[in-house]
Amino acid sequence: MTEADFLAALRTLPLHPGALDLRDDAARLGELVLTTDLIVESVHFLPDDSPGDVAWKLVAANLSDLAAKGAVPEGVLLGYPLRDDKWDAAFLDGLRDVLTTFGCALLGGDTVSGGRSYALTAIGRATVSPTRSGAQAGDTLWVTGTIGDAGAGLAIARGADGPAALLARYRRPTPRLAEGQALAPHVTAMMDVSDGLLIDAERLAAASGCAVTIALDALPLSPKYRAWGGDALASATAGDDYELLFTLPSGMEPPVAATRIGSMSEGAGLTLTRDGAPVPLPPTLGWQHR
Ligand SMILES: Nc1ncnc2c1ncn2[C@@H]1O[C@H](COP(=O)(O)OP(=O)(O)OP(=O)(O)O)[C@@H](O)[C@H]1O
Ligand SMILES: Cc1ncc(C[n+]2csc(CCOP(=O)(O)O)c2C)c(N)n1
Ligand SMILES: [Mg+2]
Ligand SMILES: [Mg+2]
Ligand SMILES: [Mg+2]
């Protein structure tokens, strides 16, 4: 089964209305926003990544889903498999670091022995909380920050040459919490980019019942990513970006720094353009577990 098959099967189970049909970044219970994400060795991080970086990525990936809902983090629950004293102590240092950095506190969790997968549930609060499903034909599509840096960072972590700044974007992503809170009252739809810009934009479009067009030449690529030799199509399918993807009514400017990368229209599916002309879709649009 693929991840998508499993989610489709889960939708046949009793679903809470706050689950948003399992088509969103987080669940909503009144003002509370709840999300959970695991990270697994050799799937989400490399065996020689430092324990502090693993703790950082675990928390940051979850807080990014809270950011997508415009939420203020309230606390986290940690699922932790013990390893050895040195690793566990270094993980705790990283956990302290990331929680302090993003103003978040521990609520609880569970400690076990066993494999190298780490779970976190993050809980936040939002009075105004966008979904992935509110985009309308005619809306413009935007993304914060730059994309592709973390994908390049993974290649560098695996031994390619490249700058430490790209590696850092893979190992220590920044959840766009302030941006998400500022955007929430204005956007028609919002999500974070974890699996790849193209696959995630297609999901936002599908949840909204729209088609989406993305201009490859409009994608925000960092100078370091360009100098490294990265191209737009690779940036848009790599994932691990943890930037915010959102839609606005036509003519509206976002209240935070962001790049306009496309638009929504009637219909379904993803169209890519370069210099205004359609180009073929790549064989895979992003990351899917199987
Ligand atoms: N095993 C599961 N059981 C219940 N719900 C799940 C499960 N896996 C995913 N979901 C739900 O499916 C929806 C989409 O999840 P998904 O993990 O794709 O979103 P995400 O966390 O934003 O992305 P990513 O995991 O790539 O960061 C969410 O509502 C999530 O809670
Ligand atoms: C060692 C290693 N190999 C590949 C990748 C790429 N990757 C893995 S999972 C994922 C999507 C987000 O995860 P999820 O959807 O589970 O939240 C991406 C982009 C990585 N980060 N580390
Ligand atoms: Mg998400
Ligand atoms: Mg998830
Ligand atoms: Mg995913």
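This report looks at a ligand shell, a set of annotated positions and one helix in a predicted model.

Around ligand 1 stand Leu7, Leu10, Leu22, Asp24, Asp25, Asp37, Ala61, Asp65, Ser194 and Asp195. Of the residues in this shell, four are nonpolar, one is polar and five are charged, and at least two come from each of helix H1 (3-10) and helix H2 (51-68).

According to the unreviewed UniProt entry, the feature "binding site" lies at His44, Asp240 and Trp287. Although these positions are spread over 244 residues of sequence, they cluster in space, with a largest C-alpha distance of 10.9 Å. Two of them are set out below, with contacts that leave aside residues up to four places away in sequence.

| Residue | Location | Other C-beta atoms within 10 Å | Contacts |
|---|---|---|---|
| His44 | loop between strand S2 (32-40) and H2 | 18 atoms | Ile39 and Lys57 |
| Trp287 | segment after strand S12 (277-279) | 18 atoms | Asp195, Gly196 and Gly239 |

His44 is partly exposed, because its count of 18 lies between the limits of 12 or fewer for exposed and 20 or more for buried. Trp287 is also partly exposed, with 18 other C-beta atoms within 10 Å. Asp195, which Trp287 touches, is also one of the residues that surround ligand 1.

Helix H7 covers residues 197-208, and because each residue should add 1.5 Å, its 12 residues should span 16 Å, which agrees with the 16 Å between its end C-alpha atoms. The helix is mostly covered, as nine of its 12 residues are buried, including Leu197, Asp200, Arg203 and Ser208. After H7 comes Gly209, whose phi is positive, near 70°.

Methods:
Residues numbered from 1 in each chain as written. Chains lettered and ligands numbered in written order. Predicted model: local features only at pLDDT ≥ 70, side-chain atom pairs only at ≥ 80, totals over all residues. Helix = DSSP H or I, 4+ residues; strand = E, 2+ residues; numbered from the N terminus. Expected span 1.5 Å × (residues − 1). Near = placed C-beta within 6 Å. Nonpolar A, V, L, I, M, F, W, Y, C, P; charged D, E, K, R; others polar. UniProt positions renumbered as here; feature names shortened; annotations may be inferred. Contact = placed C-beta atoms within 7 Å.
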